[in-house]
Amino acid sequence: GLRPASLWRFFQDELKLAEPGGEVDLDLRYTAAYARGTPQATIEDLRLAARDIALSLQGAKEPFFSLQTATVAGGRFDLAQRELHVPSIALRGGTIRAEAGEDGVLDLQKLATDSPPAAKVAPAGAAARPWRVKLDAVRLGDIALQFRDLSRVAPLALGVGALDVDL
């Protein structure tokens, strides 16, 4: 029963995102420790179910992302090994919208506020070992895609009504 709006409150000053709608259920097993100056965390049996998710830019009439249901089943995360494994992601019933304004800038590029980014400091002696991400299956069902380009002399609108994809 987690509401994305609860998390949004922590990021509302950094993102030009209207209060999101929807509900998320999350189930997992985890272990966490801080040993010898190194944080360790693992998540096992990650299961996520989301319903009626809607993300909109502030002041927008329609959400740029809406989704009836999303499920993630059986995921695993290991911070020390820098690994993420997700056996299955399924997204069903939604719309993804994007629009280029008269200036040619994509609306989603305006999602971040204009405040300067915080400086990132790497921990001393930290190796730049890459993350390994494994995604076994992605299923998209009844997802609509819409794009408008208002920067053209004759504005362009493209759309796909119901996309079904299994990867």
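Helices and strands here are DSSP runs, with at least four residues for a helix and at least two for a strand, numbered from the N terminus. On that basis, this predicted model comes to 1 helix and 6 strands in the protein chain. The order along the sequence is α-β-β-β-β-β-β, so under the DSSP numbering the helix is H1 and the strands run from E1 to E6. Here's a quick tour, from the overall build down to single residues.

**Overall build**

- The chain has 167 residues, and 20% of them are buried.
- Measured out along the principal axes, the C-alpha atoms fill a box of roughly 60 × 35 × 30 Å.- Put together, that's a chain with 1 helix and 6 strands in which buried residues account for 20% of the total.

**Strand pairing around E5**

- Strand E5 covers residues 132-149, and strand E4 covers residues 83-100; the two pair in the parallel sense over 16 bridges.
- As one spot to look at on that pairing, Glu99 stands opposite Arg148 in E5.
- E5 is also joined to strand E6 (residues 156-166), this time antiparallel, by 8 bridges.
- If you want a landmark there, take Phe147, whose bridge partner in E6 is Leu158.
- The link from E5 to E6 is a hairpin, and 6 residues make the connection.

**The cavity**

- The structure holds 1 cavity of 30 Å³ or more, and the volume of the largest cavity is about 40 Å³.
- Its lining consists of Phe65, Leu67, Leu91, Ile96, Leu140 and Ile143.
- Strand E3 (65-78), E4 and E5 are the elements that each give two or more residues to that lining.

**The pocket**

- The largest pocket offers about 480 Å³ of space.
- There are 19 residues in its lining, and those nearest the pocket centre are Ala60, Glu62, Glu99, Asp107 and Arg148.
- E4 and E5 are the elements that give two or more residues to the lining of this pocket, and E4 gives the most, with 4 residues.
- Glu99 and Arg148 turn up here again: they're among the residues nearest the centre of the pocket, and Glu99 is also the residue that stands opposite Arg148 in the strand pairing.

**A nonpolar patch at the surface**

- Leu2, Leu7, Phe10 and Phe11 make a nonpolar surface patch of about 440 Å².
- Phe10 sits in helix H1, which spans residues 4-11.
- Phe10 has a relative accessible area of 64%, so it counts as exposed, the cut-off for that class being over 50%.

**Two residues with positive phi**

- Arg82 has phi near 55°, a positive value in a residue other than glycine.
- You'll find Arg82 in the loop between E3 and E4, and its relative accessibility of 26% makes it partly exposed.
- Asp142 isn't a glycine either, yet its phi is positive at about 55°.
- Asp142 belongs to strand E5, and with 35% relative accessibility Asp142 is partly exposed.
- Both accessibility values, 26% for Arg82 and 35% for Asp142, fall in the partly exposed class because that class lies between the buried limit of 20% and the exposed limit of 50%.

Note on methods. Residues numbered from 1 in each chain as written. Predicted model: local features only at pLDDT ≥ 70, side-chain atom pairs only at ≥ 80, totals over all residues. Heavy atoms only, no water. Pairing = 2+ DSSP bridges. Patch = residues over 30% accessible without salt bridge, like charges linked within 9 Å, V, L, I, M, F, W, Y side chains within 5 Å. Areas by Shrake-Rupley, 256 points an atom, 1.4 Å probe, with all protein chains shown as cover. Salt bridge = Lys/Arg side-chain N within 4 Å of Asp/Glu carboxyl O. Buried < 20%, exposed > 50% of the residue type's maximum accessible area, 1.4 Å probe, protein only. 1 Å grid on protein atoms, 1.4 Å probe; cavity = no way out; pocket = protein on both sides within 12 Å on 5 of 7 lines; lining within 4 Å. Points joined across faces, edges and corners; volume = space filled by probe spheres on them.
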